[in-house]
Amino acid sequence: QVQLVESGGGLVQAGGSLSVSCAASTRALRTYYMGWFRQAPGKAREFVASIDWRGGTTNYADSVKDRFTISRDNAKNTVYLQMNYLKPEDTAVYYCAADWSASMRRPNYWGQGTQVTVSS
């Protein structure tokens, strides 16, 4: 059974940095597109960033572009999200996802989420 386990969330002040990780339970996801989504209280889940299986192509939501960086280490079955210059509006539960398709519209697998809170 495929599992995605996020870690690294927490509390940080505005302007600070935080990194979250997502470990996959199987090497099978090495050929999947991996992504991060987030859901703030009272809001719909939204796309944050994605990366192709080789790690050569990345996509970002406009709201995080130039502040967040997604990367992956296939040898460790892990994908990362480095978040810099964090803003209070970045506060949300961050979810890792794996999708066979580059669109990331209907991910095949989801993690349980990790809370990121940015204080002003």
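Modeller: Before we start, two strands pair if DSSP finds at least two bridges between them. Please also keep in mind that this is a predicted model.

Colleague: Thanks, that helps! How many bridges does strand β4 share with β9?

Modeller: Strand β4 covers residues 33-39, and the sense of its pairing with β9 is antiparallel. One place to look on screen is R38, which stands opposite Y94 of β9. Pairing takes at least two bridges, and for β4 with β9 the number is seven.

Colleague: Which strand is joined to β9 by three bridges?

Modeller: You can find that partner by looking across from V93, which stands opposite Q115. The two strands run antiparallel, and the partner spans residues 114-119. The three bridges lead to strand β11.

Colleague: And in β10, which residue is the bridge partner of A98?

Modeller: Strand β10 takes in residues 109-110 and runs antiparallel to β9. Two bridges join this pair of strands, and two is enough, because the rule asks for at least two. Across from A98, the partner in β10 is Y109.

Colleague: How many of the eight residues of β9 are buried?

Modeller: Strand β9 runs over residues 92-99 and is mostly covered. C96, for example, has a relative accessible area of 0% and therefore counts as buried. Out of eight residues in β9, the buried ones number seven.

Colleague: C96 is a cysteine I'd like to follow up. Which residue forms a disulfide with C96?

Modeller: A disulfide is a covalent bond between the sulfur atoms of two cysteines. Here the count comes to one disulfide. The pair links distant parts of the chain, 74 residues apart, with C96 in strand β9 and its partner in strand β3 (residues 18-24). The sulfur atoms are 2.1 Å apart, and the partner of C96 is C22.

Colleague: Is the link of C22 and C96 left-handed or right-handed?

Modeller: C22 is buried because its relative accessible area is 1%, so you will have to look inside the structure to see this link. The angle about the S-S bond is -75 degrees. That makes the link of C22 and C96 left-handed.

Colleague: Let's move to the other sheet. Which are the edge strands in the order β1-β3-β8-β7?

Modeller: These four strands form an open sheet with antiparallel pairing. An edge strand here pairs on one side only. From one strand to the next the twist averages 15 degrees. The edge strands are β1 (4-7) and β7.

Colleague: Which residue in β3 is the bridge partner of V5?

Modeller: Strands β1 and β3 run antiparallel and are joined by four bridges. In β3, the partner of V5 is A23.

Colleague: Is N77 buried or exposed?

Modeller: N77 sits in the loop between β7 (68-73) and β8 (78-83), and its phi is positive, near 55 degrees, though the residue is not glycine. Its contacts include C22, A23 and R30, and its side chain makes a polar contact of 3.1 Å with that of R30. The limit is under 20% relative accessible area. At 18%, N77 therefore counts as buried.

Colleague: What is the relative accessibility of M104?

Modeller: M104 is in the loop between β9 and β10. Although M104 is not a glycine, its phi is positive, at about 60 degrees. M104 counts as buried because its relative accessibility is 3%.

Colleague: One last one: which residue has its backbone nitrogen 3.3 Å from a polar atom of the T114 side chain?

Modeller: T114 belongs to strand β11 and is buried, because its relative accessible area is 11%. Among the residues T114 touches are E6, S7, V20 and Y94. The backbone nitrogen at 3.3 Å is that of G9.

Terms used: Residues are numbered from 1 along each chain as its sequence is written. This is a predicted model: local features need pLDDT of at least 70, side-chain atom pairs count only at pLDDT 80 or more; totals for chains, interfaces and linings use all residues. Side-chain values use heavy atoms; hydrogens and water are left out. Buried means under 20% relative accessible area, exposed over 50%, partly exposed in between (1.4 Å probe, protein chains only). A polar contact is a pair of N or O atoms within 3.5 Å; within protein, one must be able to donate a hydrogen and the other to accept it, and residues adjacent in sequence count only if both atoms are side-chain atoms. Contact means heavy atoms within 4.5 Å. A disulfide is a pair of cysteine sulfur atoms within 2.5 Å. Axes are lines fitted to C-alpha atoms, for helices over the stretch in contact, and angles run from 0 to 180 degrees between N-to-C directions. Lists of a residue's contacts leave out its neighbours within four places in sequence.
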